[in-house]
Amino acid sequence: MIGRLFGSLSQKVPSLLYRVSLVMKPQVVFVLGGPGAGKGTQCSKIVESYGYTHLSAGDLLREERAREGSEFGQLIANYIKEGKIVPVEITINLLRKAMEAMMKENENKFRFLIDGFPRNEDNLQGWNRVMDGKADVKFVLFFDCSNEVCINRCLERGKSSGRTDDNRESLEKRIQTYLQSTRPIIELYEKQGKVRTIDASRSVDEVFADVKAILDKEG
Ligand code: ADP
Ligand code: AMP
């Protein structure tokens, strides 16, 4: 009898653990800052040292743009070139699918750095509509640096990135979009005490030292 009980328990425990891990909510850190502030660079370094998965909204959109048969390819291409913010339904769907795929593959990978999101009010409302109660936003990492530094870094990156928007004309539009649409979102989170601001104009290692201090403190 006891043997049988243990037998059935040992079969049930793994599936129970599996179910518990499935209900583990994604823990999210939003990563924001101007174009070229160094979000991608710092996220790669965070991934090396901490158990986070890096999801860049821009990278996901560029992948979708390049995916054969994508119904949104041309629309995304136009928005990116113009430095405009792609409709939230597309972006949020890509983010949600990427998070689900990662957590399905590895139940311990529930920490996400979401880079370049939410970039405007539409993004924020979309997130609240689709993800409210389904993910916890821990805080916002804000990489702060001047427009001039941002533009120069992107122009430098443009020499080899092959990106359609790392040129002066697109960059002027991207900076305007950042100032008009993204800064108000950062201010909104600021009022909630959720923003961790980092001076991103310094060297990669100096910036990362601050990032580490924040992540170590936040746990
Ligand atoms: P973002 O993801 O914010 O657009 P990236 O991480 O792609 O920015 O960085 C933009 C460019 O600036 C890249 O070419 C990168 O190598 C460079 N870069 C990133 N951080 C720094 C830094 N702290 N100092 C100098 N150059 C940097
Ligand atoms: P990035 O790779 O972060 O520099 O983003 C490049 C471009 O992708 C932006 O200028 C937008 O056109 C688009 N994009 C990136 N993130 C978002 C987002 N959260 N919502 C809509 N469009 C985005």
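## A helix across the sheet

Helix α8, made of residues 168–191, lies across β1, β4 and β5. Its direction is about 130 degrees to that of β4. Do keep in mind as you read on that this is a predicted model.

Another helix to look at is α2 (residues 39–49), which lies across β1, β2, β3 and β4 (136–144). Helix α2 runs at about 170 degrees to β3.

## The sheet itself

Now to the strands under these helices. They form an open sheet of five strands, with parallel pairing and the order β2-β3-β1-β4-β5. At the edges sit β2 and β5 (195–199), each of which pairs on one side only. From one strand to the next, the twist averages 25 degrees.

For a closer view of one pairing, take β1 and β3: these strands run parallel and are joined by five bridges. Val-28 has Phe-112 in β3 as its bridge partner. In general, strands of a sheet pair through backbone hydrogen bonds, either parallel or antiparallel.

## Helix α5 and its neighbours

Helix α5 covers residues 88–105, 18 residues in total. From first C-alpha to last it reaches 26 Å, close to the 26 Å expected at 1.5 Å a residue.

Which residues of α5 are buried? They are Val-88, Ile-90, Thr-91, Ile-92, Leu-94, Leu-95, Ala-98, Met-99 and Met-103. An α-helix has 3.6 residues a turn, so residues three or four places apart point the same way. The buried residues of α5 pack against strands β1 (27–33), β2 (53–56) and β3 (111–115). They also pack against helices α3 (57–66), α4 (73–81) and α6 (121–131).

## Arg-62 and helix α3

Arg-62 is located in helix α3. Is this residue buried or exposed? Arg-62 counts as buried because its relative accessible area is 19%, and the cut-off for buried is under 20%. Leaving aside residues up to four places away in sequence, Arg-62 touches Ile-80 and Arg-163.

Arg-62 shares its buried status in α3 with Ala-57, Gly-58, Leu-60, Leu-61 and Glu-64. The cover over the buried residues of α3 includes β2, α4, α5 and β3.

## Annotated positions

Arg-62 also appears in an unreviewed UniProt entry, under the annotation "binding site". The annotation further covers Lys-84, Ile-85, Val-86, Gly-116, Phe-117, Pro-118, Arg-119, Arg-163 and Arg-174. From this set, Gly-116 and Arg-119 are part of the lining of the largest cavity.

Methods
Residues are numbered from 1 along each chain as its sequence is written. Chains are lettered from A and ligands numbered from 1 in the order in which they are written. This is a predicted model: local features need pLDDT of at least 70, side-chain atom pairs count only at pLDDT 80 or more; totals for chains, interfaces and linings use all residues. Side-chain values use heavy atoms; hydrogens and water are left out. Helices (H or I, at least four residues) and strands (E, at least two) are DSSP runs, numbered from the N terminus. The expected span of a helix is 1.5 Å times one less than its number of residues. Buried means under 20% relative accessible area, exposed over 50%, partly exposed in between (1.4 Å probe, protein chains only). Contact means heavy atoms within 4.5 Å. Two strands pair if DSSP finds at least two bridges between them. Axes are lines fitted to C-alpha atoms, for helices over the stretch in contact, and angles run from 0 to 180 degrees between N-to-C directions. UniProt positions are given in the numbering used here, feature names are shortened, and annotations may be inferred rather than shown by experiment. On a 1 Å grid over the protein atoms alone, a cavity is a set of points where a 1.4 Å probe fits but cannot get out, and a pocket is an open set with protein on both sides within 12 Å along at least five of seven lines; lining residues have an atom within 4 Å of a point.
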